[in-house]
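Please work through the following exercises on the structure shown below. Each task is followed by a solution in steps.

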Amino acid sequence: MIDLLFSAVLLAGLYAMMAYGLGIIYGVLRIVNLGHGGMIMVGAYAAFWMHEQFGLDPYLAIVPIAIASFFLGVGMYKLLVKRLPRGAAGGVQSLLLLFAVWLILRNTAYLLFTGNDQTLRTSYSTNSFHVATAYVSWNRLAVFGVAIVVLVGLHLLLTRTYLGKAIRAVAQNPSSCTLVGIPVERVYSVTFGLGTGLAAAAGVLGATLFSFNPGYGSSELLKSFVVVVLGGLGSVPGTALAALILAFVEVFSIKIMPSYLTAAVGFVLLVLVLVLRPGGLFGQRVLG
Amino acid sequence: MSMPSWAPKPWVLFAFAGALVLLALVPLVNSDAYWHNLFTLTFLSITAALAWNWLGGLLGQVSFGHAAMVGVGGFVAARLQVSSHVPMLVAWGVGGVIAGLYALVWGHPTLRLRGPYFSIATIGVGEATRLICTYWSWLTGGSSGMSIPVHPALKFQLYWYGLGLAALALIASFALRRSPLGLSLLAIKSDVDAAGDVGVSSTRLQDLVLFLSGMTMGICGGFYGSFFSFIEPGDLFGFERSISYVLMGVIGGIGTIAGPALGAIVFIVLQQSLIAHYSQLYLGLYGLFLLLVILFEPLGLVGLALRVMKKPIEEQP
Amino acid sequence: MIRAEGLVKRYGGLRAVDGVTFKLEPGQILGLIGPNGAGKSTCFAMLAGSTPPTEGRVFLGDEELTGLPAFRAARAGVVRTHQIVRPFAHLTLLENCTVAAVQCAKLGHKGADTFAREMLRFAGLDARRNDLPAALTLAGRKRLEMARALSCAPKVLLLDEVIAGVNPAEAQEMGTLILRARDERKVSIVMTEHVMPAVMRLCEHVVVLDAGKLIASGKPKEVVQEPAVIAAYLGKARANAG
């Protein structure tokens, strides 16, 4: 029982971080990044490759991978997303566009690494320690730790820096922003890069926990969406709480159904959350 | 005023009838099994892509989970044939109806969501359906699937059943688009509130399209089972299958009458030509096409064709 | 023809419309005016069924329309246009009107097509009937809104600021169109409008709203001289200036 509790909390950290990458893009650009799962997968494979080729520890690899993914995201925005109309008219179009990006990323990973499941094992992958009656793996704790650091850092970025304030301003009212001299387009591209960077970083962390293949990221995408919709946009406490809920539901449902069905729990939760509670826990609307 | 503006032009009717006759005669002169099966599969994909487009293109709600209905219809039909010895066509029909009803169950509340949110929900629906139905092995035989015995002579005749289905789907697509129902659907797609302001009951019409689209996908599932004599949930309910319908519809020309049919043909051709050496490449290649379509030619192949023929584009994606 | 009784619309603690009662006689053009934020659009929305009243009732003749969804109100004969034009972008002009004729006027496809063309001709848009709305200017799209609303064969037409935003010549033509609608199409009209010359020219009767309450009612020339009305309009300006 206690270890389930620990599992859930530690998992929630990862989910919160993944969700934030999706949420920040939606909150500011009003675009659903269907390539989010693809970027998580890219992060996982990048960490894997760096570990295989250079023996680089994934926790060290996070920073360069996140930075590279940031620039990849900025590039994606400038080359592709920017061309589409924003808002209601462009909604499904940008969805399909980013979906296309996801397909391409998937296929590229398939070509480079084959479709087989891969794992990233380090020397400490299986080490764990005792807390009360539970075993806690160092790895999961480290993932949680990184997630917390990132989320706190994001919170500080958004509240204390000029960039963060610009991002929040654009999220609220883009047209007024141009009037006060905020470079809206640049904020968009930076935000998109932030989103993809976060996703890739989450992918690196995920690679240390789970095995993955080019299809990795699709259920993570949906889980991120559950967290975003449940937790409301841009709200760190909301995201954290929603991630906890999702993680708890998942972990404890393992007790009552076979493991592969627990993924279904997430999907059903997604549909229910979208249909029943589009306002999120903190009351922000996702409908139209 | 002779013919109403929505009636098909005479040459279109002749071309359609002519193509039907030609295609119907092909197996009588050419008995090559490869082409016979390829054509049959193509007819099936055309039907499915067109049915997807009724929801995705006419109503404007892009579904990433349409394989759910293919699976439901396919496995219901299979179970009926295997366990209760129901004749094939009846089984397809029942499977179709149940698939259509299933579409209503998840679709009616979900269609309140607009645009991208509906699409995301459909991913969830598709995957949840797959997992739950795989678990529900009474229906699906678990992850190892089910065999459906089909008499070889009947299998050969599936060609004409497929041709018939595809033809019906095309006619239905035409009728839908040009009929008052189609106009109402496009009005809902354009602006659901303004549509209500001129008397369109959007919930009722959306339910109708959901059912029709789901039912047709279900019938395709039954057909698929009879054609391959074996179905498994991972394939029939799979995300790859759902994706393929999106690709066929959008690349062919979302919202157009026959675009998805074109998209289906190109999809199959590409899939077949790459299968020998680059079997996994086509999904990424299709991703690239999708990218190009979204960025440069929103009406896909149909839009491209209209542009080449310098005709006015009367549609909007 | 159409009767609003004690309409109230509350959004949380805010009363956007606070107890408004008025009546539209058959064949009349009624103006619904007032300063910005007075609740005119909200009243409109409640009449058309776009939003249900928190309190109060709406009648069309003897038939109660209170809280009916928009499509039922439209089929009953109360059709609105929109302040920000909302054409069906995916349909041609003709199809825009045909949809309305089929759903509201309950005509068969062919009959609806014919009727739609008639309405387009009425609005001067027949020549462009196979174009998409994107090809029209704003004035053209406002005419399309009118033609589409008329294709519903309504008993009551609710015009939401149809004249605002076009140049004077077009405004004059729109006004003539409104008068012709009343005379030739036999519709009663409620219109909200900021453009005062149009109100003066077109409305036989005027009702003034301010801060959700009805403050005056009568002939346009008399109503605009009432102190309460002047205060409502100027008061805002004075408050903004001071």
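The exercises concern a predicted model and treat confidence first, then the interface of chain A and chain B.

**Exercise 1.** Determine where in chain A confidence is lowest and where it is highest.

*Solution.* Begin with the whole chain: the mean pLDDT of chain A is 83, and 90% of the residues score at least 70. Next, turn to the elements: strand β1 (residues 128–131) of chain A has the lowest confidence, with a mean of 70, while helix α3 (residues 58–79) of chain A has the highest, at 92. Finally, consider residues 280–288 of chain A, where the pLDDT is below 50; this stretch nevertheless has 26 contacts in the model beyond near neighbours in sequence. Where pLDDT is low, predicted coordinates should not be read in detail.

**Exercise 2.** Describe the extent of the contact between chain A and chain B, and state which three residues of chain A supply 15% of the area it buries there.

*Solution.* Chain A brings 38 residues to the contact and chain B brings 42 residues. About 3500 Å² is buried between the two chains, and carbon and sulfur atoms give 83% of this area. On the side of chain A, the three residues are A:Leu96, A:Leu103 and A:Val275, which exceed any other three residues in their share.

**Exercise 3.** Identify the salt bridge between the chains and the helices of chain A at the interface.

*Solution.* The count is 1 salt bridge: it joins the side chains of A:Arg106 and B:Glu240, at 2.7 Å from N to O. In addition, 3 residue pairs are in polar contact across the interface, with both residues at pLDDT 80 or more. Helices α4 (91–113), α9 (218–231) and α11 (262–276) of chain A each supply at least two residues to the side that touches chain B. The largest share, 16 residues, comes from α4(A). By class, this side of chain A has 32 nonpolar, 4 polar and 2 charged residues.

Definitions and conventions. Residues numbered from 1 in each chain as written. Chains lettered and ligands numbered in written order. Heavy atoms only, no water. pLDDT = per-residue confidence, 0-100. Helix = DSSP H or I, 4+ residues; strand = E, 2+ residues; numbered from the N terminus. Contact = heavy atoms within 4.5 Å. Buried area = accessible area lost by both parts, 1.4 Å probe. Salt bridge = Lys/Arg side-chain N within 4 Å of Asp/Glu carboxyl O. Polar contact = N/O pair within 3.5 Å; in protein donor to acceptor, adjacent residues only side chain to side chain. Nonpolar A, V, L, I, M, F, W, Y, C, P; charged D, E, K, R; others polar.
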